[in-house]
Amino acid sequence: MTSVDRLQDIEAIIARAARDCGRDPAGVTLVCVAKTFPAADVIPLLEAGHRVFGENRVQEARAKWGPLRAVYPGVELHLIGPLQSNKAREAVATFDVIETVDRPKIAQALAAEMASLDKRPRLLAQVNTGAEPQKAGVAPRDADAFIALCRERYGLNIAGLMCVPPAHQQASPHFALLADIAARNGLSELSMGMSSDYELAIQQGATCVRIGSAIMGERDYSTR
Ligand SMILES: *Cc1c(COP(=O)(O)O)cnc(C)c1O
């Protein structure tokens, strides 16, 4: 099976999962996570017509996607990894969606660079639903205040929320928590669900699923 075969299978599973719970399949975007994979591995998916991709590192994304965008118009690139404020400018320049806004310093840096570059990527706030000390994301109890701060102090429109549930735990309570926080803040986008749990995420309202290994195969971090 090729990555294109797997992509097409997953698109069909997504559509079925959406319909099974009374949702329009068009309301679920498949973000193909290409981190660690070279451009050569992404090209077949672009040739097959897929356009929405995720990367977790700014530098890697810039190097890979600058040349690819020149050949394949209409790419929508999502930043799904942690962002340092000294990379905010490159992130705004490189990405169409930044899913990992999670602290005031980043919000401030993004606001400044968005104004300076006159470019407005769509923004999601990452919530650390498991309150894991080593993991990025705003704490669930601080999420409402953070979203308000983004709007009021920095003029940033947060369009939705993203989470990465703790490994080795049931994802469902984390998806439910994320959906709750979004609902009470009037946010419509929910980026949740990965290779192992995207059908469940769709049942719980995901509008974006981020799928890497189930399409691309196993990642090899040793060459990074
Ligand atoms: C790597 C990554 C994914 C994709 O994970 P798979 O299990 O390979 O589908 C999704 N979201 C984030 C934030 C990631 O870093």
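Start by selecting Asp118, in the loop that runs between α5 (104-117) and β5 (122-126). This is a predicted model, so treat every stop as a look at a prediction. Asp118 isn't a glycine, yet its phi is positive, at about 50°. Is Asp118 buried or exposed? Asp118 is exposed, with a relative accessible area of 69%, and the cut-off for that label is over 50%.

Next, pick His168 for a second residue with this kind of backbone angle. Its loop sits between β6 (158-162) and α7 (172-184). His168 has a positive phi of about 65° and, again, is not a glycine. Colour by accessibility and His168 comes out as exposed, at 84% relative accessibility.

**Into helix α7**

Move along to Ser172, which lies in helix α7. Ser172 counts as partly exposed, because its relative accessibility is 25% and that label covers the range between under 20% and over 50%. Which residues does Ser172 touch, leaving aside its neighbours within four places in sequence? Show Leu200 and Gln204: Ser172 is in contact with both. Then draw a distance from Ser172 to Gln203, C-alpha to C-alpha: you should get 9.7 Å, for two residues 31 apart in sequence.

**The loop after β5**

Now select Thr129, in the loop between β5 and α6 (143-152). Thr129 is buried, with a relative accessible area of 8%, since buried means under 20%. Put sticks on what surrounds Thr129: once residues within four places in sequence are set aside, its contacts are Pro140, Cys163, Pro165, His174, Leu177 and Leu178. For Cys163, check the C-alpha distance too: Thr129 and Cys163 are 34 residues apart in sequence and 6.6 Å apart in space.

**The loop after β1**

Hop over to Ala34, in the loop between β1 (29-33) and α2 (39-47). How accessible is Ala34? Its relative accessibility is 0%, so Ala34 counts as buried. Turn on Val42, Phe53, Gly54, Glu55, Glu60 and Lys64, and you have the residues Ala34 touches, not counting those up to four places away in sequence. For a longer line across the model, join the C-alpha atoms of Ala34 and Pro166: they are separated by 21 Å and sit 132 residues apart along the chain.

**Where the two ends of the tour meet**

Select Ser3 in helix α1 (residues 3-20). Ser3 is buried, at a relative accessible area of 14%. Beyond its neighbours within four places in sequence, Ser3 is in contact with Leu45 and Ile215.

Keep Ser3 on screen and add Gly217, in the segment after α9 (213-216). How far apart are Gly217 and Ser3 in sequence and in space? They are 214 residues apart in sequence, but 7.6 Å apart in space, C-alpha to C-alpha. Gly217 counts as buried as well, with 18% relative accessibility. Add Arg6, Phe37 and Gly212 to see what Gly217 touches, if you ignore residues up to four places away in sequence.

**The largest pocket**

Switch to a surface view for this one. Rolling a probe the size of a water molecule over the atoms shows where empty space is left. The largest pocket has a volume of about 790 Å³. To find its centre, select Lys35, Ile80, Val164, Met194 and Arg210, which lie nearest to it among the 35 lining residues. Then highlight α3 (58-71) and β8 (208-211), each of which supplies at least two residues of the lining. What is the lining made of, by class? Colour it that way and you'll count 15 nonpolar, 12 polar and eight charged residues.

**Zoom out**

Finish with the whole chain as a cartoon: there are nine helices and eight strands. The radius of gyration is 17 Å, close to the 17 Å that the globule rule gives for 224 residues, so the chain is as compact as a globular protein of that length. Along its principal axes, the C-alpha trace spans about 50 × 40 × 35 Å.

Colour the chain by burial and 50% of the 224 residues count as buried. A surface view shows the other side: the chain exposes about 10300 Å², with carbon and sulfur atoms supplying 50% of that area. Finally, turn on contacts: of those with a separation of 6 or more, 60% are between residues 24 or more positions apart.

Technical notes:
Residues are numbered from 1 along each chain as its sequence is written. This is a predicted model: local features need pLDDT of at least 70, side-chain atom pairs count only at pLDDT 80 or more; totals for chains, interfaces and linings use all residues. Side-chain values use heavy atoms; hydrogens and water are left out. On a 1 Å grid over the protein atoms alone, a cavity is a set of points where a 1.4 Å probe fits but cannot get out, and a pocket is an open set with protein on both sides within 12 Å along at least five of seven lines; lining residues have an atom within 4 Å of a point. Grid points are joined across faces, edges and corners, and a volume is the space filled by probe spheres set on the points. Helices (H or I, at least four residues) and strands (E, at least two) are DSSP runs, numbered from the N terminus. Ala, Val, Leu, Ile, Met, Phe, Trp, Tyr, Cys and Pro count as nonpolar, Asp, Glu, Lys and Arg as charged, and the others, Gly among them, as polar. The radius of gyration is taken over C-alpha atoms; the globule rule is 2.2 Å times the number of residues to the power 0.38. Buried means under 20% relative accessible area, exposed over 50%, partly exposed in between (1.4 Å probe, protein chains only). Contact means heavy atoms within 4.5 Å. Accessible areas come from the Shrake-Rupley method with a 1.4 Å probe; for residues, only the protein chains shown count as cover.
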